[in-house]
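Here are my comments on the model you sent, set out as numbered points. I have kept to contacts between chains, helix packing and strand pairing.

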Amino acid sequence: MLNPLVKPVDPNMYRYDEFDAQFVGERVNQFAGQVARRLSGELTEDQFKPLRLMNGLYLQLHAYMLRIAVPYGTLSSKQMRKLAHIARTYDKNFGHFTTRTNLQFNWIKLVDVPKILRELADVEMHCIQTSGNCVRNVTADQFAGATDEEIEDPRPLAEIIRQWSSLHPEFVFLARKFKIAVGACEQDRAAMQWHDMAVQVVKNDQGRIGYLVMAGGGMGRTPYVAHVMNEFVEREDILAYLEAVLRVYNQDSRRDNIHKQRIKILINTIGPEEMRRRVAREFEELKRMGTLQLPREELDRITAYFAPPKFESGLSDTIPDAGPGFADWAATNVHKHKAPGYAIATITLKTPGQVPGDATAEQMEVIADLMDQFSVGEVRVTHEQNLVLPHVRKQDLPAIYAKLKELDFAAPNAGLITDIIACPGLDYCDLANARSIPIAQSIAKKFENLDRQHEIGELKIKISGCINACGHHHAGHIGILGVDKKGVEFYQLILGGSGAEDASVGEIMGPGFGEHEIADAVERVVNVYLKLRQPGERFLDAYRRIGMAPFKDAAYEKEAA
Amino acid sequence: MTKLIKSGAYAQDVFAPLADDAALPEGAVLVSLTRFQKERETLLARNTPIGIRLQSSENPEVLGADVNHFSLIALEFPKFRDGRAFSWARILRTRLGYSGEIRAVGDFLYDQVNYQHRVGFDAWEVPDNFTLEMFNRALTEMTNVYQPSSDGKKTIRELRAGK
Amino acid sequence: MAHQNQGPQMLTANRLRDGDVLYRKGDGWVPMLADGDVYKDATSAESALAAAMAELTRNQVVAPYLFEVRDVNGKIKPVKEREIIRAAGPTVHPHTGKQAGQVNA
């Protein structure tokens with residue numbers, strides 16, 4: 001529902017031309033045909049499953065789940081309103097923002113999907129390759145285009161990769177999923193090292209801009225941090241290089257054991273040296289062939305879509321004084337913007353007690369209004385299940401905060417212990433062993449006190465309901481993994497993981513805790529940190545210095561007593 | 001039962017599949033990699049077309065300089081999910097410069113035919129209920145493509161630039 | 001589904017067209033677990049599963065499977081947490097799902 005007082009704004013982002021629109025439209029028709037063939041029985045479920053997965057449709061615990069692509073986490077207000085409309089019309093009035101910056105609806109009917117896809121196509125959205133054994137949504141730093149920390153905005157590259165990977169004929173039946181992230185800073189807000197492949201914009205010693213490519217990161221049963229494949233790929237060669245990596249993966253990956261089919265397994269089996277050698281061989285050949293070269297004009301053409309908005313000059317460059325509640329929120333949720341007078345505002349969808357990452361249709365619509373009024377019509381989705389208004393005037397921050405308070409999205413907790421990542425878990429997911437959302441809620445309520453949160457400082461808790469690790473538990477400072485012990489939910493603690501530029505795989509503590517014990521166990525672990533930390537040490541730093549032992553002793557102490 | 005679609009029409013399959021332990025008959029035969037490696041000289045010395053059927057784990061690079069002796073290379077899809085043959089076809093057309101028939105055999109879906117066609121397959125062994133009309137429809141569901149492949153089809157980028 | 005359960009079981013599936021959870025009753029399907037058939041032994045359970053699998057060609061339901069239940073104070077309840085949640089709805093959104101009376105015909 002359009003608020004008549006708010007004037008919609010079109011942000012600077014990629015716009016479909018007639019080719020893109022036709023592509024998505026034909027894809028919708030194709031899937032509509034596949035749905036019809038499934039309903040008539042011409043396709044069995046076994047045959048239909050990979051086809052519906054490649055259009056983002058899962059069969060989950062209660063119903064079908066549809067995963068909508070949000071390329072590099074960027075949404076316009078028009079798109080946000082359409083998502084609200086779909087939530088209201090075809091689902092139960094809410095959606096869930098995921099750790100790959102997509103949006104999921106949990107109660108979708110198969111027969112409605114072609115209609116939903118057509119509605120999405122109207123606002124230049126789709127569900128192509130958001131699941132299946134293919135290249136998935138390309139994610140990016142949520143501060144792209146707004147931070148002064150980056151060499152350049154990585155999203156034009158992400159858009160180029162998106163197009164190149166869309167229905168790539170050679171790579172739609174890979175051994176497993178393939179996730180790509182892009183970034184352009186030393187600070188890694190996109191968990192690049194945890195991806196199957198990541199591209200970081202870098203500058204070489206001569207000041208030339210190119211791309212560092214890494215591969216082989218991944219979560220799941222056997223977590224790995226990525227290896228560098230090439231320190232510097234020239235701009236025009238990047239698609240040839242990415243194709244080389246994908247080809248080596250497609251031809252050389254195992255196909256006999258579903259748990260051993262990600263690229264991380266291939267690279268760690270043959271070794272990164274050998275992987276680099278195989279990729280280099282393909283790369284040289286593809287470069288010679290020339291068909292994948294990326295002309296500078298094309299890069300510039302795509303880059304122009306992402307031009308920064310017209311920033312006003314002469315604005316106040318101080319954050320206004322608007323009371324203690326606002327000051328708390330500004331302290332954690334507002335980040336430095338490259339333009340004077342501007343700021344980056346994070347909307348944490350993590351008010352203690354809420355379902356992490358969820359928003360109702362009404363909340364989405366109010367956020368769309370905020371986008372139009374205060375952020376040039378644009379929002380970003382983060383892999384930590386939060387939203388970011390990338391270009392806000394500092395002087396507008398109090399008004400934004402006031403509106404977020406009405407929405408119950410004003411928790412001043414970005415990066416703090418209550419800013420928890422949690423997958424949907426056993427409440428929704430067919431794959432899950434245990435529920436994760438209630439655990440997130442109970443931990444967030446336990447640590448709700450803001451003074452205590454600030455005393456604790458930066459502490460990233462990540463909760464997965466099963467080993468598939470959609471909650472990124474391996475990358476949590478404190479990770480929690482739900483397991484099934486004879487039909488009862490148990491939770492393992494994992495300490496010392498990181499999804500930032502200091503990426504590390506967390507260490508499993510030991511036997512799991514029951515549903516009613518896990519929050520207390522987390523508290524005992526946190527108390528050890530508070531007792532033993534040195535000045536300036538985050539939880540993660542203290543853990544890395546001290547090691548597992550004291551945390552483990554404290555966690556199990558109650559049971560030993 | 002199956003039939004053969006080649007270059008957009010029904011075709012007679014002139015290649016007789018030859019088991020690894022069967023005697024070598026007159027005429028065109030389709031052999032496994034194992035058999036070819038054992039009887040290479042014999043098979044190549046005959047003045048008849050020869051075809052080879054590769055399993056999804058068999059990289060056609062193993063054929064080396066022999067690749068263009070084959071009139072037919074059949075690439076197997078043991079299960080439609082096993083997409084290695086898409087890369088094998090691409091490698092055959094590019095690195096190995098193979099210009100003969102590349103045939104899709106085994107378990108594949110109507111929905112994969114377009115991708116197979118793009119990467120270099122030009123023949124399909126299909127079940128009896130798979131019609132030419134279906135085949136042609138499969139190739140037209142998506143008018144345009146974003147990335148180059150063996151079919152040489154103009155990419156959207158090229159179309160945008162008016163090429 | 002990997003091993004044969006020995007105790008009482010029920011049979012569940014999802015409706016193809018809308019994904020709704022269903023429970024086997026006779027040779028049909030009902031939306032509520034309380035109305036479904038309980039198979040007292042492995043033989044009757046396996047034969048119910050076989051019948052359901054044979055009917056997949058009707059394209060009404062997908063992915064039928066057996067799960068264990070037990071009697072709790074006169075009410076049939078699933079043994080596993082997963083099936084309890086599947087029968088009722090998400091615990092974190094109690095106003096949605098079968099627990100809230102949201103049942104598709």
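How many residues does the contact take from chain A and from chain C?

1. The model is a predicted one, and the points below should be read with that in mind. In the contact between these two chains, 22 residues come from chain A and 23 residues come from chain C. On the side of chain A that touches chain C, helix H13 (437-446) and strand S19 (488-495) of chain A each supply at least two residues. Sorted by class, that side of chain A has 13 nonpolar, three polar and six charged residues.

2. Chain A also meets chain B, in a contact that takes 27 residues from chain B and 29 residues from chain A. Three helices of chain B, namely helix H2 (84-93), helix H3 (113-119) and helix H5 (156-160), each supply at least two residues of the side of chain B that touches chain A. The residues on that side of chain B divide into nine nonpolar, eight polar and ten charged.

3. Helix H13 of chain A, already named for the contact with chain C, also packs within its own chain against helix H15 (residues 518-532) of chain A, at an angle of about 45° and with the two axes 9 Å apart. Because angles that are neither under 35 nor over 145 degrees, and not from 65 to 115, count as oblique, H13(A) is oblique to H15(A). The crossing of H13(A) and H15(A) is right-handed.

4. Which residues of H13(A) meet H15(A)? From H13(A) they are Ile439(A), Ser442(A), Ile443(A) and Lys446(A), and they meet Ile518(A), Ala519(A), Val522(A) and Glu523(A) in H15(A). By class, the residues of this contact of H13(A) with H15(A) are five nonpolar, one polar and two charged.

5. Elsewhere in chain A, five strands form an open sheet with mixed pairing, in the order S6-S7-S8-S9-S10. Its edge strands are strand S6 (139-140) and strand S10 (227-234) of chain A, each of which pairs on one side only. At the S6 edge, two bridges join S6(A) to strand S7 (residues 180-183) of chain A, and these two strands run parallel. Within this part of the sheet, Ala140(A) stands opposite Val182(A) in S7(A).

6. Helix H6 (residues 238-252) of chain A lies across strand S8 (197-203), strand S9 (209-215) and S10 of chain A. The direction of H6 is at about 155° to S10(A), the strand that forms one edge of the sheet.

Key: Residues are numbered from 1 along each chain as its sequence is written. Chains are lettered from A and ligands numbered from 1 in the order in which they are written. This is a predicted model: local features need pLDDT of at least 70, side-chain atom pairs count only at pLDDT 80 or more; totals for chains, interfaces and linings use all residues. Two residues are in contact if their C-beta atoms, placed from the backbone, lie within 7 Å. Helices (H or I, at least four residues) and strands (E, at least two) are DSSP runs, numbered from the N terminus. Ala, Val, Leu, Ile, Met, Phe, Trp, Tyr, Cys and Pro count as nonpolar, Asp, Glu, Lys and Arg as charged, and the others, Gly among them, as polar. Axes are lines fitted to C-alpha atoms, for helices over the stretch in contact, and angles run from 0 to 180 degrees between N-to-C directions. A crossing is left-handed if the near helix is turned anticlockwise from the far one by less than a right angle, and right-handed if clockwise. Two strands pair if DSSP finds at least two bridges between them.
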